[in-house]
Amino acid sequence: EEQNALFKQGLGCLGTLYSHQHTTVLRLTSFPAGHNSSCFSPLLAWITGTNVAEYFDRGWCYTEQSWAGLTKAGYLSLDLGKMHAGVEYGCYSLMRDCTQAGGRCPPLLPSAFAAELE
């Protein structure tokens, strides 16, 4: 009961964590090379709690990405799915390869945001 109350309290702060202009958000938008999500049957995925949905098909991921785009400089919201295999990254090369092309997107109207989640 106490743990559930703390979880709900923390859940209410996630928007601040993702949208704060001085935090860095790391998004893993694709499975690592060699990952085989097809080995999870829907039943096995349900039993193990494994979410095998693609990143952009997940409502929470879309919400977190949207929060990060509200106030954050592009170099503070990194898409690790854009990393290249075999490349050794430093701070600047990681930012170069993993930032969103074109910078931040404008916020959506509530109706358009809801449509994206469907």
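In what order do the elements of the chain run from the N terminus on? The order is α-α-β-α-α-β-α-α, which breaks down into six helices and two strands. The model is a predicted one, and its confidence varies along the chain. The average pLDDT is 82, with 86% of the residues scoring at least 70. Helix H3, covering residues 42–48, sits at the bottom with a mean of 69, while H5 comes out on top at 91.

On the whole-chain level, 21% of the 118 residues count as buried. The exposed surface adds up to about 8,700 Å², and 60% of that comes from carbon and sulfur atoms. As for contacts with a separation of 6 or more, 59% of them are made by residues 24 or more positions apart.

The largest nonpolar core is made of five residues, namely Leu78, Tyr89, Leu94, Met95 and Cys98. Its main contributor is helix H5, residues 91–98, which puts in three residues. Leu94 is one of the core members, and beyond its neighbours up to four places away in sequence it touches Leu78, Leu80, Met83 and Tyr89. Two of these partners, Leu78 and Tyr89, belong to the core as well.

H5 also holds buried residues outside that core: the buried set in this helix is Ser93, Leu94, Met95, Asp97 and Cys98. Part of the cover over them comes from strand S2, residues 77–79. On the spacing of such positions, an α-helix has 3.6 residues a turn, so residues three or four places apart point the same way.

Ser93 deserves a look of its own. This serine is placed in helix H5, and it counts as buried because its relative accessibility is 17%, under the 20% cut-off. Its side chain reaches back to the backbone nitrogen of Gly90, at 2.9 Å.

Turning to the rings, the structure holds three aromatic pairs. In one of them, Tyr62 and Phe113 have ring centres 5.3 Å apart and planes at 45°, so the pair is classed as tilted. Tyr62 is part of helix H4 (residues 59–71) and Phe113 is part of helix H6, so the pair ties together parts that are 51 residues apart in sequence. The two partners fall into separate burial classes: Tyr62 is buried, with a relative accessible area of 18%, whereas Phe113 counts as partly exposed at 23%. The 20% cut-off lies between these values, which is why the labels split. Elsewhere, Tyr18, Trp60 and Trp67 form one aromatic cluster.

Tyr62 turns up again at Leu117, a residue of helix H6, which spans residues 110–117. Setting aside neighbours within four places in sequence, Leu117 is in contact with Gly59, Tyr62 and Thr63. For Phe56, the C-alpha to C-alpha distance to Leu117 is 9.7 Å, across 61 residues of sequence. Leu117 is partly exposed, because its relative accessible area of 39% falls between the 20% and 50% cut-offs.

Conventions
Residues numbered from 1 in each chain as written. Predicted model: local features only at pLDDT ≥ 70, side-chain atom pairs only at ≥ 80, totals over all residues. Heavy atoms only, no water. Core = buried A, V, L, I, M, F, W, Y, C linked by side-chain atoms within 4.5 Å. Buried < 20%, exposed > 50% of the residue type's maximum accessible area, 1.4 Å probe, protein only. Helix = DSSP H or I, 4+ residues; strand = E, 2+ residues; numbered from the N terminus. Contact = heavy atoms within 4.5 Å. Areas by Shrake-Rupley, 256 points an atom, 1.4 Å probe, with all protein chains shown as cover. pLDDT = per-residue confidence, 0-100. Polar contact = N/O pair within 3.5 Å; in protein donor to acceptor, adjacent residues only side chain to side chain. Phe/Tyr/Trp six-rings, centres within 6.5 Å; stacked < 30°, edge-to-face > 60°.
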